[in-house]
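Colleague: Can you walk me through this one? I'd like to begin with the ligand.

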Amino acid sequence: MRRGAAGRSRGDRDGSVPLLVPGLAVHGERLMTLDELEAFGVAIGEAAVGALPVLVTLSGDLGAGKTTLTRAIGHGFGVVEPVTSPSYALVHEYTAVAARRFFHIDLFRIAGPHELANIGWEGLFSEAALVVVEWPEHAGGQLPHVALAITLAHPDDDETRRRVSW
Ligand SMILES: Nc1ncnc2c1ncn2[C@@H]1O[C@H](COP(=O)(O)OP(=O)(O)OP(=O)(O)O)[C@@H](O)[C@H]1O
Ligand SMILES: [Mg+2]
């Protein structure tokens, strides 16, 4: 299990949400059912409200649960429309309560980091917004400071759970 700089691993012990402070996020790892992953996402979205701007990256294979987690984060943040898997648009902004801004970015289909210039990439991160990025590896190192980097994986023996590490 990965440990935080101070050797702490809070999230797997008491179910609390990782800190949303760049560079200080406490690391942890947990196996989560779908319900647990959704509760985790809602808590992250709620915590982000008071910590903007926040950038969350979601790594993991196809079907690992990145969009499911994005949807839950959006729900906790106050998004009022359905969060879907982005199709053609690389960036999707969702309407949220109280003029909160929520961007969902799926970089699965970009041909390379050079395409990021066309989507107002840098502007996105200068706003007091919550930005969730799927497939951050495709940004070729062009992501600004990440508040929370989450990886989802399929355990070998259990299709109903995901190994979630951050
Ligand atoms: N414990 C779990 N956590 C998350 N998803 C789960 C879990 N158990 C089952 N699932 C199912 O796995 C699927 C995850 O799909 P999802 O679209 O969220 O993955 P994704 O990582 O976004 O995939 P892609 O890379 O194709 O966009 C959903 O159908 C969800 O219901
Ligand atoms: Mg997805």
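Modeller: Sure. The shell around ligand 1 divides into five nonpolar, eight polar and three charged residues. Here Ala, Val, Leu, Ile, Met, Phe, Trp, Tyr, Cys and Pro count as nonpolar, Asp, Glu, Lys and Arg as charged, and the others, Gly among them, as polar.

Colleague: Before we go on, what sort of model is this?

Modeller: This is a predicted model: local features need pLDDT of at least 70, side-chain atom pairs count only at pLDDT 80 or more, and totals for chains, interfaces and linings use all residues. Residues are numbered from 1 along each chain as its sequence is written, while chains are lettered from A and ligands numbered from 1 in the order in which they are written.

Colleague: How many residues surround ligand 1, and which are the closest?

Modeller: 16 residues surround ligand 1. The closest are Leu34, Gly65, Lys66, Thr67 and Thr68. A residue is near if its C-beta atom, placed from the backbone, lies within 6 Å of the molecule.

Colleague: Which elements give two or more residues to that shell?

Modeller: β1 (29-33), α2 (34-49), α3 (66-77) and β7 (161-165) do. Helices (H or I, at least four residues) and strands (E, at least two) are DSSP runs, numbered from the N terminus. The largest share, three residues, comes from α3.

Colleague: New topic. What order do the strands take in the sheet?

Modeller: Seven strands form an open sheet, in the order β1-β7-β6-β2-β5-β4-β3, with mixed pairing. Two strands pair if DSSP finds at least two bridges between them. The edge strands, β1 and β3 (91-95), each pair on one side only.

Colleague: And β3 with β4, parallel or antiparallel?

Modeller: Antiparallel, over five bridges. Val91 stands opposite Ile105 in β4.

Colleague: Which strands does α3 touch?

Modeller: α3 packs on the sheet and touches β2, β3, β4, β5 and β6 (148-153). Contact needs C-beta atoms, placed from the backbone, within 7 Å.

Colleague: Let's look at β6. Which side chains there are buried?

Modeller: Side chains alternate along β6: Leu148, Ile150 and Leu152 point to one face and are buried. Ala149, Thr151 and Ala153 point to the other and are not. Buried takes 20 or more other C-beta atoms within 10 Å of the residue's own, exposed 12 or fewer, and partly exposed is in between; C-beta atoms are placed from the backbone.

Colleague: What stands opposite Thr151?

Modeller: Ser59 does. In β7, the bridge partner of Thr151 is Ser165. β2 and β6 pair in the parallel sense over four bridges, whereas three bridges join β6 to β7, which run antiparallel.

Definitions and conventions
Contact = placed C-beta atoms within 7 Å. Axes fitted to C-alpha atoms, helices over the stretch in contact; angles between N-to-C directions.
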